[in-house]
Amino acid sequence: MINMNMNIQDITGKISRHIHGQFAEHLGRCIYEGIWVGKDSPIPNVEGMRTDVIEALRKLHIPVLRWPGGCFADEYHWKDGVGPTEQRARMVNNNWGGVEENNHFGTHEFLRLCELLETEPYISGNVGSGTVHEMQQWVEYMTLDGQSPMADWRKQNGQEEPWTLTYFGVGNENWGCGGNMRPEYYADLYRHYSTYVRNYGDNQIYKIACGANSDDYHWTEVLMREAGHLMNGLSLHYYTLPSGDWTSSKGSATDFTEEEWFTTLKNTLYMEELIIKHSKIMDKYDPEKKVGMIIDEWGIWTDVEPGTNPGFLYQQNTLRDAIIAGVNLNLFYKYADRIKMANIAQMVNVLQAMILTEGDQLILTPTYHVFNMYQIHQDSQRLDLQYTSPKYTMGAQSIDKISAAASKDHLNRVHLTICNLSHNESESFSCRIEGFTPSDIQGKVLTASALNTHNTFEHPEQITPVALEVSFAKDGTLTFELPAASVAAITLI
Ligand code: AHR
């Protein structure tokens, strides 16, 4: 039995809704097929974008969407993606399978998608192979009200009013696919390029610098030292690899042992060490925490599904993915004083996706269900939930068995999210809540009998949330039991 305790007056800060952000890259079947099918497609669509995908995503209340990459961003030339669709320039998507990119999905289509999803856009600009002028003109094109060469071109292309652009990334992974730069060189480029990412009229852009690759603390040190005063956010990328090894097989998405289950979760929990160590460096240069940590790529990265294009990063999504999503989100809330945004990679058909599509069919993944269950925390106040997790042991190694978070929203509802990481042991909970008597309680749990349970096009509801039994005693104690390998969300109203 785990004893938890919280007082609803003990607020430890706000959980930015942007922690529930998503990422959609021109990669494999994420944009094309997954979102964009074109206006003439037999698949029902809104202005070329799949109706079924949009309807499913709208339910998640996605706060922010990052686009067009990823590595793609540093080869993308935005001017090729505006104007009459059929006349748009074509290019090779060198990073992802060497396939042709026809640029049918460009700036107008992306910003329309954001409107349909009621999400804020986060655009990544091209530092690796683009110019300062090109970046400046893109921002002018999107946001300048009135007359200017770029604003006039935008109007000619059918968009009279400027868009609101909140987030702009100055490059992506410039230590790797975005130019193989040293941090000193990129820091100077960031200073240079970001100067021309202008605020036109009332549009205020939150500028995000390219941050470190997992444990590259030197990168964070140099960026904060040389350019911290000119940025609003600094990114961090960390992927959970089941094998922990980029140079050999990453591990299968669906075919794994109990040991691999454990190791994968251990690798996910490493995110906490990264957050703590990068935060410490950020604190040194920015003690007031003005610069947000933006974890704009995270999630599990496995081998691709057998028989699919290795450059398309198409992977299945199991109960293990659900736990990974739940654990990471709980962690991000814990450090929400520094983490202002996170974007899971990626939204549709790529890596740890919300949705998988095949022709006109769609399935919702376990990760989708976790994002749906966890949206209760968006923009709520984090509560100081106290508990000691028992250990989950495999051979000589141990990790915490439980990951949990609590919050209170603007309607004074109290929310709890809990993951049981153990592959074979259930757990009972007794949670004392001081200062709150609920009139109603709603609980949901996501679990399955096999660790690799996943939804397929033949069986799309193998794993979906079900009601969780919860009771509340007069002395203010909430009790419930979580099965092994499960993610739960409880709301007290
Ligand atoms: O998300 C897939 C790729 O992972 C992105 O394009 C890149 O930024 C990262 O290496």
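In the next few minutes I will walk through the overall build of this chain and then through a few of its loops. Please keep in mind throughout that what we are looking at is a predicted model.

Let me begin with the chain as a whole, which has nine helices and 27 strands. Its radius of gyration is 22 Å, close to the 23 Å that the globule rule gives for 493 residues, so the chain is as compact as a globular protein of that length. Taken along the principal axes, the C-alpha atoms fill a box of roughly 70 × 50 × 45 Å. Buried residues account for 60% of the 493 residues, and of the contacts between residues at least 6 apart in sequence, 75% join residues that are at least 24 apart.

Turning to the surface, the accessible area of the chain comes to about 19,100 Å², and 46% of that belongs to carbon and sulfur atoms. The chain carries 38 positive and 62 negative charges, and the mean positions of these two sets are 6 Å apart.

Now to the loops, starting with G251, which is found between β12 (233-240) and α7 (258-285). G251 counts as buried because its relative accessibility is 12%, which falls under the 20% cut-off. If we leave aside its neighbours within four places in sequence, G251 is in contact with P242, T302 and D303. By contrast, Q159 is 92 residues from G251 in sequence and 46 Å from it in space, C-alpha to C-alpha.

S148 sits in the loop between α3 (132-143) and α4 (149-156), and at 11% relative accessibility S148 also counts as buried. Its side chain reaches the backbone nitrogen of A151 at 3.0 Å.

I would like to finish with the backbone, where some background helps: most residues other than glycine have a negative phi, and most peptide bonds are trans. Here, a cis peptide bond joins W67 and P68, with omega about 5 degrees, and P68 lies in the loop between β6 (64-67) and β7 (91-93). The bond from A345 to Q346 is cis as well, with omega near -10 degrees, and Q346 is placed in the loop between β14 (339-345) and β15 (355-358).

As for phi, which value does E33 have? Its phi is near 85 degrees, a positive value in a residue other than glycine, and E33, in the loop between β3 (21-23) and β4 (45-46), is partly exposed with a relative accessible area of 40%. E118, in the loop between α2 (107-117) and β9 (120-125), has a positive phi of about 55 degrees although it is not a glycine, and E118 is exposed, with a relative accessible area of 60%.

Methods
Residues numbered from 1 in each chain as written. Predicted model: local features only at pLDDT ≥ 70, side-chain atom pairs only at ≥ 80, totals over all residues. Heavy atoms only, no water. Helix = DSSP H or I, 4+ residues; strand = E, 2+ residues; numbered from the N terminus. Rg over C-alpha atoms; globule rule 2.2 N^0.38 Å. Buried < 20%, exposed > 50% of the residue type's maximum accessible area, 1.4 Å probe, protein only. Contact = heavy atoms within 4.5 Å. Areas by Shrake-Rupley, 256 points an atom, 1.4 Å probe, with all protein chains shown as cover. Lys, Arg positive; Asp, Glu negative; His and termini not counted. Charge placed at Lys NZ, Arg CZ, Asp CG, Glu CD. Polar contact = N/O pair within 3.5 Å; in protein donor to acceptor, adjacent residues only side chain to side chain.
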